[in-house]
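Hi everyone, thanks for making time today. I'd like to walk you through one structure, so please have a look at it on the screen.

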Amino acid sequence: MTIDEEALAQARKRVLAGGAERYHAANAAKGKLFARERIALLVDEGSFVEDGLFANSVADGLPADGVITGSAKIDGRDVCLMANDSTVKAGSWGARTVEKIIRVIERAYQYSVPMIYLVDSAGARITDQVDLFPGRRGAGKIFHTQVRASGSIPQVCALFGPSAAGGAYIPAFCDVVAMVEGNASMYLGSDRMVEMVTGEKTTLEAMGGARVHCAESGVGHFLCKTEQDALDTVRTYLSYLPSNWQELPPKAEAKEPAGVDLAALVPASERQAFDMRRYVKGLVDAGSFVEIQALWARELTVGFARLNGEVVGILGNNSMFKGGVLFVDSADKATRFIQLCDAFNVPLLFLSDVPGFMVGSAVEKQGIIRHGAKMITAVSEATVPKICVVVRKAYGAGLYAMAGPGFDPDATIALPTAKIAVMGAEAAVNAVYANKIAALGSEEERAAFVAERRAEYERDIDIMRLASELVVDAVVEPGDLRTEIIRRLDAARGKDRGFSRRRHGVTPV
């Protein structure tokens with residue numbers, strides 16, 4: 001039996017329309033776009049080529065089996081993508097859905113192009129579990145394929161609605177996740193399931209909403225107000241990365257930095273905070289800084305920027321939040337960002353103003369040593385050009401975590417405000433002379449003794465002494481820092497990327 005042209009056109013029209021009109025209306029009431037509209041807003045006009053349009057076409061009410069897959073271009077560059085159609089059984093997965101998702105990720109990996117996930121799915125259809133869950137081409141193969149592609153091609157997720165149960169792992173295996181506030185959520189068990197299993201009464205928003213994941217769990221990277229914002233975020237993010245691990249990041253037109261007085265921004269007193277984000281913006285090309293995970297572990301600022309048109313990944317301790325001390329979450333944040341940059345040939349710039357890692361029983365129980373070791377491992381293994389700038393201080397293992405001299409940076413640069421030591425002067429004097437200080441008779445005697453010992457300590461760690469001992473490679477004025485970094489990164493671009501004779505290391509504890 002053959003199908004005539006008119007019947008084919010009608011079949012195509014039904015599939016392209018998605019689910020029933022009432023589901024379109026319900027989505028529109030929530031500010032949600034149709035999946036095909038999302039694709040049209042994201043990719044270059046007329047570039048989308050769809051695969052599997054007629055998947056499960058013999059079934060009633062399952063156009064494209066609830067997922068749209070294919071290839072397209074963004075800013076003239078090839079990509080592959082998938083988009084859940086939440087008007088079709090709430091974007092849930094059937095056997096053909098899973099097969100389509102696996103195929104498009106395999107194609108992205110085969111073609112060495114970025115993979116984009118536009119997620120809005122209620123998870124697996126329980127009625128189809130035998131067909132989609134346990135087999136060799138079942139749902140687990142999606143995650144296996146994502147892991148295989150990780151670090152080979154960029155994988156980006158924009159989350160517009162739920163990503164439920166096992167489906168929550170699609171965003172989790174992506175490089176970054178943009179979530180639309182009010183609609184996006186990720187959770188392994190629904191609120192009803194949680195109450196049944198644990199007795200806890202909660203809501204999807206309180207348990208796994210966009211703000212929760214972007215500010216508390218760290219699973220989300222960008223909190224977006226609208227769907228258009230999320231799509232724009234995907235475009236912007238990809239503009240900083242190559243299409244695959246074998247290419248270099250795309251260049252852009254060089255721009256002068258924003259007018260920020262870097263010297264005036266950094267207070268002389270270590271007790272006075274300053275915003276490292278402002279410092280970054282005064283250093284890089286104007287308008288180029290894109291912060292990642294801006295709401296989570298805010299004591300460490302990370303993101304992409306451009307220096308003289310070239311992409312660079314930036315990590316800076318932000319004393320505005322928790323004094324810039326490294327905690328468990330900030331160590332995790334740094335580890336993943338360093339690995340991301342190293343995978344896609346993005347040079348790393350560390351801006352250090354770090355008192356060290358947090359101490360105390362609470363963080364020890366959380367595994368601060370384990371998480372700190374992972375960060376230091378990532379710094380060690382990164383073979384892209386990397387530069388350490390000590391803006392104000394680098395104390396204790398914080399120096400190691402911020403790519404200090406022992407971690408093969410291509411340069412360690414100090415500003416005149418820089419201090420490098422095991423700990424700050426106040427803490428050091430107290431640690432060494434606590435008993436002596438307590439034995440002194442008057443407050444005046446104690447103050448004079450502490451001041452004298454502190455001055456001795458400051459002389460011992462004087463930055464020019466450290467430069468004379470080759471601990472740092474240069475001491476530069478803030479106004480010269482940008483030029484110094486640009487020149488050193490240019491010189492390091494052809495460096496050997498080898499690190500160790502092995503297949504891969506073992507993750508610390």
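Let me start with a term I'll lean on: a residue is buried when its relative accessible area is under 20%, exposed when it is over 50%, and partly exposed in between. By that cut-off R38, at 1% relative accessibility, counts as buried. One more thing before we go on: this is a predicted model.

Let's stay with R38 and talk about charges. Side chains of opposite charge can pair when their charged atoms come close. R38 has such a partner: it forms a salt bridge with D120, and the closest N and O atoms are 3.3 Å apart. Here D120 sits in strand β4 and R38 in helix α3, so to speak two distant parts of the chain, 82 residues apart, linked by the pair. D120 is buried too, with a relative accessible area of 1%.

Which other side chain meets D120 in a salt bridge? That is K32, with 3.0 Å from N to O. K32 comes from the loop between α2 (21–29) and α3 (35–42), while D120 belongs to strand β4 (residues 115–121), and this pair again links distant parts of the chain, 88 residues apart. At 10% relative accessibility, K32 is another residue that counts as buried.

Now put the pieces together. K32, R38, D120 and E227 are joined into one network by salt bridges that share partners.

Helix α3 offers another pair. R36 and E50 form a salt bridge, with 2.8 Å between the closest N and O atoms. E50 lies in strand β1 (residues 49–51) and R36 in helix α3, so this pair ties together parts that are 14 residues apart in sequence. Are these two partners buried or exposed? R36 counts as buried at 16% relative accessibility, whereas E50 is partly exposed, with a relative accessible area of 23%. Across the structure, the count comes to 30 salt bridges.

From charges to strands. We have met β4 already, so let's look at its neighbour in the pairing. β3 and β4 pair in the parallel sense over four bridges, and A83 has L118 in β4 as its bridge partner. Together, β3, helix α4 (residues 95–111) and β4 make a right-handed β-α-β unit.

β3 also pairs with β2. Strand β2 (residues 67–74) runs antiparallel to β3, and eight bridges join them. If you want one pair to find on screen, try T69 and its bridge partner M82 in β3. The two strands form a hairpin with two residues between them, and D75 in the turn has a positive phi of about 55 degrees. How many residues of β3 (residues 77–84) are buried? Six of its eight, which leaves the strand mostly covered.

On to the cysteines, since somebody at the bench will surely ask. A disulfide is a covalent bond between the sulfur atoms of two cysteines. How many disulfides does this structure hold? Zero. Take C174: the closest cysteine sulfur, in C157, is 4.9 Å from its own sulfur, which is too far for a bond. C174 counts as buried, at 1% relative accessibility. For C341, the closest cysteine sulfur is in C388, 16 Å away, also too far for a bond. C341 counts as buried as well, at 0% relative accessibility.

C341 brings us to V384. You'll find V384 in the loop between α16 (368–381) and β13 (386–395), and it is buried, with a relative accessible area of 1%. Leaving aside residues up to four places away in sequence, V384 touches C341, D342, N345, V346, P347, L348, D410, K495 and R497. V384 and G494 are 110 residues apart in sequence, and their C-alpha atoms are 9.6 Å apart in space.

Last stop, helix α21 (residues 478–492). Why does its length make sense? At 1.5 Å a residue, its 15 residues should span 21 Å, and the end C-alpha atoms are 21 Å apart, which agrees. The buried residues of α21 are P478, L481, R482, I485, I486, L489 and A492.

That's my tour, thank you for listening.

How values were computed
Residues numbered from 1 in each chain as written. Predicted model: local features only at pLDDT ≥ 70, side-chain atom pairs only at ≥ 80, totals over all residues. Heavy atoms only, no water. Expected span 1.5 Å × (residues − 1). Buried < 20%, exposed > 50% of the residue type's maximum accessible area, 1.4 Å probe, protein only. Salt bridge = Lys/Arg side-chain N within 4 Å of Asp/Glu carboxyl O. Disulfide = S-S within 2.5 Å. Pairing = 2+ DSSP bridges. Right-handed = clockwise from strand over helix to strand, strands pointing away. Contact = heavy atoms within 4.5 Å.
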